[in-house]
Amino acid sequence: MEEIRTLVHARAAAVAAKDPAAMLQHNAPQTVEYTLAPPLRQQGSTIESVQAWLDTFEGPMSLEVTDLEITAGGDVAYCTSLNCLSATPVGGSESFSLWFRSTLGLSKRDGRWQVTHEHESVPFEMDGSFQASVNLKP
C-alpha cells in the first residue's frame, strides 16, 4: 500500500510542478476519467490536454491530499481522499481553494500500480438550486 500512497502524492506534486507528463505517468492507457471539468466522461488524457488545463491557471498551484484511504487486494486497488486544489485562474486577481472528493481505481500491470479509473466530484445543494457546494471544507 505504500507504493500506492507514494503514487497518489507524486500525482499531487506533479500538479504543483505543473508537469503534465508527471501527472500522467502513473495512468494506464485509456484511463477512464470522471473529473471536475466537462465532459461527463473522458478517456485517456494526453499531455496536450493536461497542459491546456494547466494553462488556465497562472502562478503557483497546489493539490493537497487528505484522508487518504487505500484498499488493495491482489492486482486491484482503490483509494479515496479529500483533496484541495489551490490556484489562480488566468486573468483572475485572487486564488481559490476548492475541496473535492477523489476516488482512484488501480491495477497492477507489469509489476507496478497504474491508475485505470479516476473520479472527482463536488457535492451539490439538494434544495432545488443544484448549486455546487464549493465552500465545503473537511
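Okay, let's start with one residue. N83 touches L63, E64, V65, T66, L98, W99, F100 and S102, and that leaves out anything up to four places away in sequence. Take L63 from that set: L63 and N83 are 20 residues apart along the chain, yet their C-alpha atoms are 6.6 Å apart in space. N83 belongs to strand β4. So is N83 buried or exposed? Its relative accessible area is 5%, and buried means under 20%, so N83 counts as buried.

Before I go on, a reminder that what you're looking at is a predicted model.

Now let's zoom out to the sheet. How many strands form it, and in what order? There are 6, and the order is β2-β1-β6-β5-β4-β3. The sheet is open, with mixed pairing. Out at the edges sit β2, which is residues 42-43, and β3, each of them pairing on one side only. As a bit of background, strands in a sheet pair through backbone hydrogen bonds, and that can be parallel or antiparallel.

Back to β4, the strand with N83 in it. β4 runs antiparallel to β5, and 12 bridges join the two. If you want to find the register on your screen, look for V76, which stands opposite S107 in β5, and then A77, which faces L106 in β5. The two strands make a hairpin with 6 residues between them, and in that turn G91 has a positive phi of about 85°.

Keep going across the sheet and you get to β5 and β6. They're antiparallel too, over 9 bridges. A handy pair to look at here is T103, which stands opposite H119 in β6. These strands also form a hairpin, this time with 2 residues between them.

That turn holds D110, and its phi is near 50°, which is positive even though D110 isn't a glycine. In general, most residues other than glycine have a negative phi, and most peptide bonds are trans. D110 sits in the loop between β5 and β6, and it counts as exposed because its relative accessibility is 85%.

There's another one like that further along. F130, in the segment after β6, has a positive phi near 55°, again in a residue other than glycine. With a relative accessibility of 59%, F130 counts as exposed.

And while we're on backbone oddities, where's the cis peptide bond? It joins P38 and P39, with omega at about 5°. P39 is in the loop between β1 and β2.

Next, the helix α1. Which strands does it lie across? β1, β3, β4, β5 and β6, and it runs at about 170° to β3.

Last stop, the largest pocket, with about 750 Å³ of space in it. Its lining takes in 34 residues, and M23, T35, W53, E118 and E120 are the ones nearest its centre. By class, that lining has 21 nonpolar residues, 9 polar and 4 charged. Where do they come from? Several elements supply at least two residues each, including helices α1, α2 and α3 and strands β1, β3, β4, β5 and β6. So β4, β5 and β6, the strands of our two hairpins, turn up in this lining as well.

That's my tour, and I'm happy to go back to any of it.

How values were computed. Residues are numbered from 1 along each chain as its sequence is written. This is a predicted model: local features need pLDDT of at least 70, side-chain atom pairs count only at pLDDT 80 or more; totals for chains, interfaces and linings use all residues. Side-chain values use heavy atoms; hydrogens and water are left out. On a 1 Å grid over the protein atoms alone, a cavity is a set of points where a 1.4 Å probe fits but cannot get out, and a pocket is an open set with protein on both sides within 12 Å along at least five of seven lines; lining residues have an atom within 4 Å of a point. Grid points are joined across faces, edges and corners, and a volume is the space filled by probe spheres set on the points. Helices (H or I, at least four residues) and strands (E, at least two) are DSSP runs, numbered from the N terminus. Ala, Val, Leu, Ile, Met, Phe, Trp, Tyr, Cys and Pro count as nonpolar, Asp, Glu, Lys and Arg as charged, and the others, Gly among them, as polar. Two strands pair if DSSP finds at least two bridges between them. Contact means heavy atoms within 4.5 Å. Axes are lines fitted to C-alpha atoms, for helices over the stretch in contact, and angles run from 0 to 180 degrees between N-to-C directions. Buried means under 20% relative accessible area, exposed over 50%, partly exposed in between (1.4 Å probe, protein chains only).
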